[in-house]
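Here's a short question-and-answer tour for anyone meeting this structure for the first time. Take a look, then read on.

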Amino acid sequence: MQKKPFFVLHFAEFLLAFLLLLSGVMMSFSSGGFILNFKQIGFNIFSAAANGVSVVTRSAQNTFNAVRELAELRKQYNVLVEKLKDYEYMQRTNSEIRKENARLKEQLEFAQSLAVKNFPANIISRGADNLYSTIVVNKGSRNGIKKNMPVIAIQNGNVGIVGKVITVGYTTCQIMPVFDYECAISARVQNTRDIGLVTGNGSDTLPLKMGYIKKRVIDALHFGDVIVTSGENDNYPADIPIGTISNIKVLDYDTSLAIELAPIIDFSRLETVLVIDQKTPNDKVAEEGEAKK
């Protein structure tokens, strides 16, 4: 027995359904629900595009401003760096001027206190080799400098022997320093008053030598003892420091001690000296002495 279909769509029913659907669509169009608003769509598209352009423009402007500000900051930084360099240079210059003024004041006060006439001078050149060394200063015969005048200096508050004048020009003179091989100074141990002879080793980096101090006084000597000029032979003023004892050697074949001295004056830093005229009194000191009477 053949089964009948569960659902049979007749033509009349299909036509009715189609007409109902068509009627609904037509009613929807007539009510405006499906009418496209092209003006609104265009406005939205334009607004989105304008907003995008605005964002890109602001980003570009911000980047440009940042680059410009960075360039300005770099320029200001370079200016400040140069100002800092100028400030540091001024600080160094002022410091050097103050030190120079202190040195000159120290030398002036010392020069004025000496009982004998003296000539402050600046070192203008130095010469040295294995056998010979000299110091050249900017004072000569025009200023009253004479051969064999002793030369001293004050350095960091310490007075010390520099050497003696060996050659005199019109505006300059040459000084043989105490460390020269040919320099020999009659000297004493300041504490014990034992007398000996101080000679140089040819270089300001080597110690001075003191000889003719007898072995029997070794127990009375100490490292750091000051050695001064004896004042004998009228070559140098008496009791001007030369150096301090840095080493003492006992030699079996010698009756005297071999003593090494560290010079009082640091020749590598020496800039100014005083040339001494032992035979002429200091007028300023003499005037002050007369005033006190």
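Q: Which residues does Met210 touch, not counting residues up to four places away in sequence?
A: Keep in mind that this is a predicted model. Setting aside those sequence neighbours, Met210 has contacts with Ala187, Arg188, Val189, Asp194, Gly196, Leu197 and Val198. To finish the list, add Ile227, Leu257, Ala258, Ile259 and Leu261.

Q: Which residues have the most contacts inside the largest nonpolar core?
A: In general, nonpolar side chains tend to be buried together in soluble globular proteins. Here the largest nonpolar core has 49 residues. Those with the most contacts inside this core are Val162, Met210 and Val273.

Q: Which strand gives the most to this core?
A: The protein has three helices and 12 strands to choose from. The top contributor covers residues 158-168 and puts in five residues. That's strand β4.

Q: What kind of aromatic pair do Phe179 and Phe267 form?
A: It's the one aromatic pair in the structure. The rings sit 4.9 Å apart, centre to centre, with 85° between their planes. Planes over 60 degrees apart get a particular label, so this pair is edge-to-face.

Q: How many residues apart in sequence are the parts that the Phe179 and Phe267 pair ties together?
A: Phe179 is in the loop between β5 (173-177) and β6 (184-189). Phe267 is in the loop between β11 (256-263) and β12 (272-281). So the pair links parts that, along the sequence, are separated by 88 residues.

Q: Is Cys173 buried or exposed?
A: The relative accessible area of Cys173 is 1%. Anything under 20% falls on one side of the cut-off, so Cys173 is buried.

Q: How many disulfides does the structure hold?
A: Cys183, with a relative accessible area of 1%, is buried. To count as a disulfide, two cysteine sulfur atoms must lie within 2.5 Å. The number of disulfides in the structure is zero.

Q: Where does Asn148 lie?
A: Asn148 isn't a glycine, yet its phi is positive, near 75°. Its relative accessibility is 44%, so Asn148 counts as partly exposed. As for its place in the chain, Asn148 is in the loop between β2 (133-137) and β3 (150-155).

Q: Does Asn156 count as buried or exposed?
A: Asn156 also has a positive phi, near 55°, and lies in the loop between β3 and β4. Its relative accessibility is 70%. The cut-off is over 50%, so Asn156 counts as exposed.

Definitions and conventions: Residues are numbered from 1 along each chain as its sequence is written. This is a predicted model: local features need pLDDT of at least 70, side-chain atom pairs count only at pLDDT 80 or more; totals for chains, interfaces and linings use all residues. Side-chain values use heavy atoms; hydrogens and water are left out. Helices (H or I, at least four residues) and strands (E, at least two) are DSSP runs, numbered from the N terminus. A nonpolar core is a set of buried Ala, Val, Leu, Ile, Met, Phe, Trp, Tyr and Cys residues joined through side-chain atoms within 4.5 Å. Buried means under 20% relative accessible area, exposed over 50%, partly exposed in between (1.4 Å probe, protein chains only). Contact means heavy atoms within 4.5 Å. Rings of Phe, Tyr and Trp (its six-membered ring) pair if their centres lie within 6.5 Å; planes under 30 degrees apart count as stacked, over 60 as edge-to-face and the rest as tilted.
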